[in-house]
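Please consider the following model, shown with its sequence. The account below follows one helix and then one strand with its neighbours.

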Amino acid sequence: MIIVMQPGAGEEHVRRVIERLEANGYGYHLSRGVERTLIGAIGSQEHKERVAEQIERLPMVERVVPILRPYKLVSREHELVPLVVKIGDAVFGREKLGIIAGPCSVESEEQIIEAARAVKAAGAHCLRGGAFKPRTSPYSFQGLGPEGLELLLAARQATGLPIVTEVMDPRQIELMVDKKVDALQIGTRNMHNFDLLKEVGACGLPVVLKRGWAATVQEWLRAAEYVATAGNLDIILCERGIRTFETETRFTLDLAGLAAAKLETHLPIIVDPSHATGTHKLVPQMSLAAIAAGADGLMIEVHPHPDRALSDGPQSLTPKRFSALMDEVRKLAAVMNKEL
Ligand code: PEP
Ligand code: MN
């Protein structure tokens with residue numbers, strides 16, 4: 001960090017800053033300009049946010065400018081080469097686009113197996129489906145729970161597709177690990193659930209970490225850092241729309257946020273246009289826009305009969321529409337020098 005002193009700061013003020021730095025194990029470099037004195041903190045990275053906050057309160061300190069990111073393991077500063085993350089055989093990152101598709105919720109054996117066969121035939125690499133559902137209303141369908149997980153396993157058995165499913169509570173992790181789920185999804189509502197992030201990070205399974213709908217890119221990356229510091233860098237970030245004043249779409253798909261996050265992190269980032277837009281009518285356009293903006297893949301809701309879906313029917317594609325979209329994604333991928 002660099003400490004910028006106010007014009008007119010005296011020796012005594014500079015000394016107090018230096019004392020505080022030294023007390024926290026930092027060295028310093030002093031630079032006296034005509035108008036201002038700058039103090040560069042050197043060395044220790046310990047507690048840098050807290051130290052910065054303390055120094056900012058000292059007299060005649062104008063501001064403290066951080067120069068290192070508040071996250072390390074997920075940062076491009078730490079690792080320049082983009083990371084590749086695998087879910088089963090599916091590959092996300094660098095030249096590979098990974099496609100995760102399937103219904104919002106697992107509803108029945110027939111539904112999930114039909115969905116799995118359809119998305120596989122269209123070229124998806126992973127099957128999604130919620131067994132434990134984070135619904136905004138307690139009166140909405142809450143998912144089939146452990147039974148839904150069994151049905152997902154049956155769909156994996158039937159198609160060979162790796163499965164991705166949401167975990168809402170640390171108490172569900174053991175079951176997911178036992179059943180050898182291929183990747184755990186952390187939903188938008190749980191992005192700030194730090195105990196969940198830590199436990200998921202420690203369980204060893206790849207993680208799809210959705211962006212909180214009111215989280216900044218920086219907060220999203222710090223959430224990823226929680227998973228990473230617990231021992232797991234197999235993290236795929238997922239932009240799924242943020243809340244803005246716009247009501248025409250369910251959320252606002254933040255493609256600039258995606259591009260900005262890609263400059264900051266070496267983790268792969270996919271886009272979920274289904275929850276972002278809330279309507280099947282906009283999913284194809286936003287899928288293509290996401291790939292053009294540099295996404296490493298997509299997560300798309302597909303239901304064999306969206307009109308009968310127990311959750312998120314309005315935004316679900318039919319298998320036929322999904323298959324047509326996959327043809328377009330393949331063409332665009334070729335232009336972008338990417339492979340599916
Ligand atoms: C989902 O993927 O079905 C879901 C609930 O997503 P989100 O957490 O992005 O709302
Ligand atoms: Mn959904």
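**A helix and a parallel strand set**

In this predicted model, G160 adopts a positive phi of about 80° just after helix α4. The helix itself comprises 14 residues, 146-159. At 1.5 Å a residue, α4 should span 20 Å, and its end C-alpha atoms lie 20 Å apart, so the expected and computed values agree.

The burial pattern of α4 may be considered next. G148, L149, L151, L152, L153, A155 and T159 are buried, that is, under 20% relative accessible area. An α-helix has 3.6 residues a turn, so residues three or four places apart point the same way. The buried residues of α4 pack against two helices, α3 (109-122) and α5 (173-178), and against two strands, β8 (126-128) and β9 (163-166).

Attention now turns to strand β12, residues 235-239, which is mostly covered, with five of its five residues buried. I235, L237 and E239 point one way from the strand, whereas I236 and C238 point the other way.

Strand β12 has parallel partners in β11 and β13. With β11 (residues 207-210), β12 pairs over four bridges in the parallel sense, and V207 stands opposite I235. Between these two strands the chain passes through helix α7 (residues 217-229), forming a right-handed β-α-β crossover.

With β13 (residues 269-271), β12 is joined by three bridges, and the two strands run parallel. Here C238 stands opposite I270. The chain leads from β12 through helix α8 (residues 255-264) to β13, and this β-α-β crossover is also right-handed.

Conventions: Residues numbered from 1 in each chain as written. Chains lettered and ligands numbered in written order. Predicted model: local features only at pLDDT ≥ 70, side-chain atom pairs only at ≥ 80, totals over all residues. Heavy atoms only, no water. Expected span 1.5 Å × (residues − 1). Buried < 20%, exposed > 50% of the residue type's maximum accessible area, 1.4 Å probe, protein only. Contact = heavy atoms within 4.5 Å. Pairing = 2+ DSSP bridges. Right-handed = clockwise from strand over helix to strand, strands pointing away.
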